[in-house]
Every structure is written in C-alpha cells, then in structure tokens.
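User: Can you take me through a few local features of this one? Short answers are fine.

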Amino acid sequence: MRMVTLMADTISAKDPARPGTRAGAISRGAIPTAALAGAFVVLWSTGYPAARIALDHAAPFTLLLLRFAGAGLIFAVLAALGGATWPRGRAMIHSAAVGILTLGLQFSALYWAAAQGVNVGLIALVVGTMPIVTALLGLAFLGEKVRPLQWAGFAIGFGGVALVVGEGVGAGRSGVADGGAGLSAYLAVFVGLLAISIGTLYQKRHASNVDPRSGLAVQHLAAALPLLPFALHEGFRFDGSSAFFASLAWVIAVNSLSAFALFFVLLRRGAVTQVATLFFLMPPATALIDYFVLGDSLTLSKLVGVIVAALGVFIATRAPHPAARPYQAGTRTPQPAGRSVTAPCAGVRHSYQAPCR
C-alpha cells in the first residue's frame, strides 16, 4: 500500500503535461523512469505463476471477480484515507471504461480462451504483438509516430518472445496437444489483445488526469461488476486452500495494487508506444521466475529469447521519440496514463508462456 501512495506522490510531484515538456517524452520524476520500468516488469511477471497456482484452486471468473473486487476495495480505502479526489461525470465514465476494457474484457477473454483449449504458447504469441498493435493505434489516433529504429526494436523484441514461448506452441493447458478449441475461442484471444491495446490508449487520452488511488479503484470495481453473473454461473467455485488464498493475496497486493500503480505512473510519464514495448519482456521475465520458483525448464532457446527480447526493448525505447502530433486549440490535452496490459493468464500448470497478470 505504501507503493500506491508513493506512486500518487510521484505523479503529483511531476506533471507530465506541464508547459515546456515535449509531448510524448518521458519526464523524470522523483524516481528514475528506468527504475520504475524495471520494477514494473518484475512485479507484473510474478503474477503469471501466481495466477497459475490460483487457477488450480478456483474457477477463472470467480478468481477474477475476487481479485478485482478485492483490489478495488483496497484502492477505495487508500483513496479515502489519503483524501484523494474522486473522478466525477465523464472522468468517472472514462475510468470505468478503461477498467472494463483492460481488466475485465482482456482477462475474461484470455482466461476463457485458455479454458476452451487454446494453447498458451499461441496466446502468448498473439498478446506479444501488443506493443506493435498499440504503436499502430497510437499512430492513428494519438499521433505518436514510430521511427524505423523503433520498428526494428519491435521486430527483435517479438522475435525474442517467439523464442521463449515457441516450445509451448502446440501444447494445451497441461503440455499436451491443443484441446480442440473452436473458432470463437481463437477470436477471444484477439478480443483480449484489442481490449488491452485500445484500453491503454484510451486511458492515456481520457483517464490519466485523475488520482491513481481513486482512478484505479473505479477501474477495478467497474471490471468486477460484469464478472459477477459469470462467477455465479461457475458456482462461485474455489477450494479455500491455503495455496488459493496465498496466490489470491499475491495477485491482489503485488500485481493489482503495486504493478498497476507503476503502470499508471509510466503511462503518465511517457509515450504509450515506449511503455507498451516493456511487454516484450514479460514472457522472458516470467520464464526466469518460473525456473526459480516453480522449477520449469530453462532451455537454451529460452535463454537466447530473454537476451533477444531485452535487446529489442533496448533498441525500441532508446530510439529518438518525435513529438506527438499537436492538438488543435480547444481539444483535450493528451494525458499520459496507465492500466493494463497484460498478458494472458491461461490456467496452465507448466507453461510460463501464458502471460497471467
């Protein structure tokens, strides 16, 4: 919880939209952006094995409902204790829309696709294109131009993701052959990809100029509400084991509270394309975490993939970022923002490839 308060102080201390700051440039706050980015990647990636464990003890929509509702209530308490200003009117609607897109719709689509038999390696590859999709959407709607060197970084980064998850493509939830998923399940994977990509851009444009505590409370509670009927349809099923409660506590406290707060700050500080590029590092980082925590194998191709993905991120984020297209007078000033991406959280037992935030 201290991290959430620190994120709020960091945002208020350095307004990325202040006069004199180049549009789209990452500004320096009380904490260096590189340090925040590194912490974000590590914390976000720990959610994958934690969710894998939790999904062995609970139905997916039940798990998502408990996670989002729990995190939303904690954010609401932090906002009340800290005297945070709550979004109202359109700002409230915008924050709720971000939560429904980047939390509710993304995770629901990816969880459901995995449950229907889509192999987690394929899910990881599709969601691994998130930085590329976000860059194209940002170019079209926010004027965030992408230089050739950044495109090269994207290609290298995605190549690293492919190396890391390639061995899992063709394996289902338990490492066996694909479970015979239908067309709707594969379409759900693309729905999840579009949900996080569009939601990230939408937050930058409309929902970043709010206090992170109240804004994230609205996002999580808005994501939880539509999941209620699905969780009830599942019978609100969880086994009540210590492993379930420990993993649930982790995805709430570490991933929803801390990682999402960092994501919020990073999007407010920088261009959407640069922040989204960090998601190339999620599968490689998760592979390393799974090796040390869950004992998954760490092959040569995975190690090479980790290096290649890191190189791609380095190139893409170091490329000079041109100023975003100027907005006409009377239009809304673009606000860097934050939320969710994430990677899919397929309920696999031995496939780190399933990004589960």
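User: Is Phe236 buried or exposed, or somewhere in between?
Analyst: Phe236 is partly exposed, at 35% relative accessibility; buried means under 20% relative accessible area, exposed over 50%, and partly exposed in between, with a 1.4 Å probe and protein chains only as cover. This is a predicted model, where local features need pLDDT of at least 70, side-chain atom pairs count only at pLDDT 80 or more, and totals for chains, interfaces and linings use all residues. Residues are numbered from 1 along each chain as its sequence is written, and side-chain values use heavy atoms, with hydrogens and water left out.

User: Where does Phe236 sit?
Analyst: In the loop between α10 (228-233) and α11 (242-269). Helices are DSSP runs of H or I with at least four residues, numbered from the N terminus.

User: What about its phi?
Analyst: Phe236 has a positive phi of about 45 degrees, though it is not a glycine. Most residues other than glycine have a negative phi.

User: On to α11. Where does it bend?
Analyst: At Asn255, by about 25 degrees. The bend is the angle between axes fitted to the seven residues ending there and the seven starting there.

User: How many of its residues are buried?
Analyst: 21 of the 28 residues in α11 are buried, so the helix is mostly covered.

User: New topic: Leu300. Which helix is it in, and is it buried or exposed?
Analyst: Leu300 is in helix α14 and is exposed, with a relative accessible area of 66%.

Methods: Helices (H or I, at least four residues) and strands (E, at least two) are DSSP runs, numbered from the N terminus.
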